[in-house]
Amino acid sequence: MDFNPSDPAFRADPYPVYARLREAAPVLQTPLNFYAVSRYDDVSFVLRNPQIFSSAAMGAAGLAGPGSRTIISTDPPDHTMLRNLVNRAFTPRMVEAMEPRIRAVARQLLDAAGGGEFDLIDALAIPLPVTIIAEILGVEPERRHDFKRWSNAVVATTAELNTDAAHDQQEFRDYFDAGISARTAEPRDDLISALVRAREHDATLTRDEIVGLTMLLLIAGNETTTNLIGNAMLALLEHPDQLRLVAGDASLIPNMVEEALRFDSPVQFLFRSTTRDTELAGTAIPAGRIVVPIYASGNRDERRFPEGARFDVTRNTQGHLAFGLGIHFCLGAPLARLEARVAFEEIFARYGSIELAGPIERLDSPVLRGLRRLPLRVGAA
C-alpha cells in the first residue's frame, strides 16, 4: 500500500486509493514516514484531540501564511485567542446579512455569462467568492483581478512555487501590509480594520499575524468555495437522476451542497503532528511524527455513510468532515454554504437544461480538489 498525493493518477481520482487504505491499512506509515489516517472514526479522533495531534504541522507544511501564529497552525491557548479575535470581526449575523449582496453578484455574473456555452469556473465559481471575500476584507474593486492571482500564488505547492508565484506572494504581503498601516491611521468598515482594532485593544496580534489571517481568510473564503461550486456541479452532471431531482425541487439545494461537500471534499486532507507517543487503530505512532487525517476518505467511509461512494442529494450528511471537526471547524463554513446555495438557486432558476460542453480540467493540487475548467451548455428555463 502507498499514499502518494503527487501521483497524477491519484490526483485524477483518489477515491479508490482511499477505499483500499480504509480496508487494508487504516493508519498507514508511508515511505516518507508520515501516517495517513483514512477511516471516519480515526480521522474524527485526530481532529478532536489537539492535545495529542498538534496543528503546528500546518506551519511546517508551509500552509499557515507568513505570521508566527495563525488559526490553522496553533493549538490552545494561542488558537483560542486568535479564533476569538476573528469571530468578533466575522460573525454569523454579518454572513447572513450578505445574502442579498451575494445574490446580486451571482445574478450579475450569470447575466454576463448569458446562455449557450460558458465555463462555470471562470463565469461564476471563481468571481463570486472572490468578489465577496474581497469586499469583506476591504479590497478595492480595481484590485479584484490581483486578488485572484495572489490567491493562486498562496495555494501553490512548493513544487509549483516558481519565481512568478513567489513574486505574487510578496505582492500580497506588501498590499495588506500597506492596508494595515492605512487602517491604523484611518479605520474603515471592513474586516482588516476590525482586526487592527482588535490588535490595539488586546495588544496580542502582530502585523505579520494580521497578514497571516488575511491570507488564511483569502484561501478559506475563495479557493475552497470555488472548488465546492465546481465539484457540486460536476457531481450533478455525472449523476443525471440527482440533477433532475434538484432542478425540480429547489428545497433540496442546501442538502445537495452538504452531499457535494461529503462526496468530493474541496479540502482532501491537512496535517497534524504527534505531541507524544500514541496509538491509533492498533498502529503505534511515535511523538513528533506527521499525521495526515484524510477528510475526503472519512467522508466516504461506509461505516459512517452507507454506500459512501454514491452521490445522493437526499442523504443524511450530518457529521461529514469537509469543514473539519472540533476547535478547528472551518470559520468560513457559513459563508461557503450560503454562497453555494445562492449560486445553485440562481442557476436552476435561470436554466432549464444543463450539460457538459467539453473536457474538464482539474486543479493540480495535492491538498485541494477542484476544477480549473467546467464547460457547460445551458438552455433557458
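Select Arg369 in this predicted model. Arg369 sits in the loop between strand 10 (361-362) and strand 11 (371-373). Is Arg369 buried or exposed? At 7% relative accessibility, below the 20% cut-off, Arg369 counts as buried.

Now show what surrounds Arg369. Beyond residues up to four places away in sequence, Arg369 touches a run of residues from Arg11 to Tyr15, namely Arg11, Ala12, Asp13, Pro14 and Tyr15. Its other contacts are Asn227, Asn231, Asp264, Ser265, Pro266, Gln268 and Arg362.

Add Arg11 to the selection. Arg11 and Arg369 are 358 residues apart along the chain, yet their C-alpha atoms are separated by 8.1 Å. Draw a line from the backbone oxygen of Arg11 to the side chain of Arg369. A polar atom of that side chain lies 3.0 Å from the oxygen.

**The largest cavity**

Stay with these two residues and turn on cavities. How many cavities of 30 Å³ or more does a search of the whole structure find? The search finds two. The largest has a volume of about 100 Å³. Its lining is made of 13 residues. Arg11 and Arg369 are among those nearest its centre, together with Gln268, Ser365 and Leu368. Colour the lining by class: seven residues are nonpolar, three are polar and three are charged.

**Helix 2**

Next, select residues 15-24, which form helix 2. Tyr15, already met as a contact of Arg369, is one of the buried residues of helix 2. The others are Val17, Tyr18, Leu21 and Arg22. Look down the helix axis. These buried residues cover an arc of only 155 degrees around the axis, so they fall on the same side of helix 2. Glu23 and Ala24 are exposed on the other side.

What do the buried residues of helix 2 pack against? Show helix 1 (8-12), strand 1 (27-29), helix 16 (253-263) and helix 17 (295-298); the buried residues pack against these four elements.

**Helix 10**

Move to helix 10, residues 144-154. Eight of its eleven residues are buried, so helix 10 is largely enclosed by the rest of the structure. Pick out the charged ones by name: Arg144, Asp146 and Lys148 are among the buried residues. Phe147, Trp150, Ser151, Ala153 and Val154 are buried too. Then switch on the cover. The elements over these buried residues include helix 9 (127-137), helix 11 (163-185), helix 13 (207-220) and helix 14 (223-238).

**Ser54 and its partners**

Jump to strand 3 (residues 53-54) and select Ser54. Ser54 has 6% relative accessibility and counts as buried. Follow its side chain in two directions. One way, the side chain of Ser54 reaches the backbone nitrogen of Ala56 at 3.0 Å. The other way, the side chain of Ser54 makes a polar contact with the side chain of Asp75, at 2.5 Å.

Asp75 also appears in the contact list of Ser54, which leaves aside neighbours within four places in sequence. Phe271, Arg272, Ser273 and Thr275 complete that list.

**A cis peptide bond**

Go to Pro76 and Pro77. The peptide bond from Pro76 to Pro77 is cis, with omega near 5 degrees. Pro77 belongs to the loop between helix 4 (56-60) and helix 5 (78-89).

**Strand 6 and the loop after it**

Select Thr278 in strand 6 (residues 278-280). Thr278 is buried, with a relative accessible area of 16%. Not counting residues up to four places away in sequence, Thr278 touches Ile52 and Phe53, as well as Thr283, Ala284 and Ile285.

Step on to Ala281, in the loop between strand 6 and strand 7 (283-285). Check its backbone: phi is near 50 degrees, a positive value in a residue other than glycine. Ala281 is partly exposed, with a relative accessible area of 42%.

**Last stop: Glu307**

Which loop holds Glu307? Glu307 lies between helix 17 and helix 18 (333-350). Glu307 is not a glycine, but its phi is positive, at about 50 degrees. With a relative accessible area of 46%, Glu307 is partly exposed.

How values were computed: Residues numbered from 1 in each chain as written. Predicted model: local features only at pLDDT ≥ 70, side-chain atom pairs only at ≥ 80, totals over all residues. Heavy atoms only, no water. 1 Å grid on protein atoms, 1.4 Å probe; cavity = no way out; pocket = protein on both sides within 12 Å on 5 of 7 lines; lining within 4 Å. Points joined across faces, edges and corners; volume = space filled by probe spheres on them. Nonpolar A, V, L, I, M, F, W, Y, C, P; charged D, E, K, R; others polar. Helix = DSSP H or I, 4+ residues; strand = E, 2+ residues; numbered from the N terminus. Buried < 20%, exposed > 50% of the residue type's maximum accessible area, 1.4 Å probe, protein only. Polar contact = N/O pair within 3.5 Å; in protein donor to acceptor, adjacent residues only side chain to side chain. Contact = heavy atoms within 4.5 Å. Arc of directions from axis to C-beta.
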